[in-house]
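Student: Please give me a close look at a single part of this model. I should also like to see how that part fits into the rest of the chain.

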Amino acid sequence: MRRVDFEVLDNWPPVGNHASGYMPQTPESSTAAGRRRTLVLFVNTTIALIGGGLSALLGAFAFGPKASAAGGRWIRAGTTSDLKPDEPVARVLAVSRVDGWYRERATETVFLVWDGDRTVRALSATCTHLGCQVQWNAKDKKFKCPCHGGIYAADGTVLAGPPPRPLDAIEARIDPADTSVLVRL
């Protein structure tokens, strides 16, 4: 075996690295550090702006439509002179629907029932079973669904067939100024 003399190695000059505390500053390294800081600042700012924009967009969708759009609005469905007391009269109304940025004009059929004085009721013409349109049978004085045989009374309660609940009641009122019937859709 060969013996290594370590005394020669101990005479070497100290290594000029960061650990020994000796590192000469050169003009090139401060410029590079300044550029690095600028690049890091630019990247972090860009990421913050993109994240903030996405957060604002997601927040707008999370809070949904305005409260005024959710409540519906009053639509003129006719006048009391068009109605017969205690007899449902069908009215097809054009309703503006908004889904996000998509707007459409949909039709909705309602039955108006006037008591002959100052009260009017409105019932949806949509069957509660599968969404077919019910029809008023004046002879039997009942609403009948042509799809699956659902039968409703004049007040909208279920008499026979598969419908799980009565016809939906719609808020309605008579405008005292001109006796027009208004429904809220």
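Tutor: What follows begins with the whole chain, turns to one sheet in detail, and then visits the surroundings. This is a predicted model, in which local features need pLDDT of at least 70 and side-chain atom pairs count only at pLDDT 80 or more, while totals for chains, interfaces and linings use all residues. Residues are numbered from 1 along each chain as its sequence is written, and side-chain values use heavy atoms, with hydrogens and water left out.

The protein chain has two helices and eleven strands. Here helices (H or I, at least four residues) and strands (E, at least two) are DSSP runs, numbered from the N terminus. Read from the N terminus, the two helices come before the eleven strands. Of the 185 residues, 23% count as buried; buried means under 20% relative accessible area, exposed over 50%, and partly exposed in between, with a 1.4 Å probe and protein chains only. The chain exposes about 13,600 Å², of which carbon and sulfur atoms supply 58%. Such accessible areas come from the Shrake-Rupley method with a 1.4 Å probe, and for residues only the protein chains shown count as cover. Among contacts between residues at least 6 apart in sequence, 45% join residues at least 24 apart, where contact means heavy atoms within 4.5 Å.

The part for close study is an open sheet of four strands, in the order β2-β3-β4-β9, with antiparallel pairing. Its edge strands are β2 and β9, each of which pairs on one side only. Two strands are said to pair if DSSP finds at least two bridges between them.

Consider β4 within this sheet, which covers residues 120-124. Four of its five residues are buried, so strand β4 is largely enclosed by the rest of the structure. On one side, β4 pairs with β3 in the antiparallel sense over five bridges, and L112 stands opposite A122 of β4 there. The hairpin of β3 and β4 has five residues between the strands, and G116 takes a positive phi near 95° in this hairpin. β4 also pairs with strand β9 (residues 169-170), again antiparallel, over two bridges. In that pairing, L123 stands opposite A169 in β9.

Which residue of β3 deserves a closer look? E108, in strand β3 (residues 102-114), is a good example. E108 counts as buried because its relative accessibility is 18%. The side chain of E108 makes a polar contact with the side chain of R97, at 2.6 Å. A polar contact is a pair of N or O atoms within 3.5 Å; within protein, one must be able to donate a hydrogen and the other to accept it, and residues adjacent in sequence count only if both atoms are side-chain atoms. Leaving out residues up to four places away in sequence, E108 touches R91, V92, L93, V95, R97, S124, I170 and L185.

A second buried residue is T80, in the loop between β1 (74-79) and β2 (89-99). T80 counts as buried because its relative accessibility is 10%. Apart from neighbours within four places in sequence, T80 is in contact with W114, I174, T179 and V181. Of these partners, T179 is found in the loop between β10 (172-175) and β11 (180-184). T179 has a phi near 55°, a positive value in a residue other than glycine. With a relative accessible area of 32%, T179 is partly exposed.

There is another open sheet of four strands, in the order β5-β6-β7-β8, and its pairing is antiparallel. The edge strands are β5 and β8 (158-160), each pairing on one side only. Strand β7 (residues 151-152) is joined to β8 by two bridges, and I151 has A160 of β8 as its bridge partner. The loop between β5 (135-137) and β6 (142-144) holds K141, whose phi is near 55°, a positive value in a residue other than glycine.

Finally, the surface carries a nonpolar patch of about 620 Å², made by I50, L54, L57, F61 and W101. Patches are made of residues with over 30% relative accessible area and no salt bridge: like charges are joined within 9 Å, and nonpolar side chains (Val, Leu, Ile, Met, Phe, Trp, Tyr) within 5 Å. A salt bridge is a side-chain nitrogen of Lys or Arg within 4 Å of a carboxyl oxygen of Asp or Glu. One of the patch residues, L54, lies in helix α1 (residues 27-62). L54 counts as partly exposed, with 49% relative accessibility.
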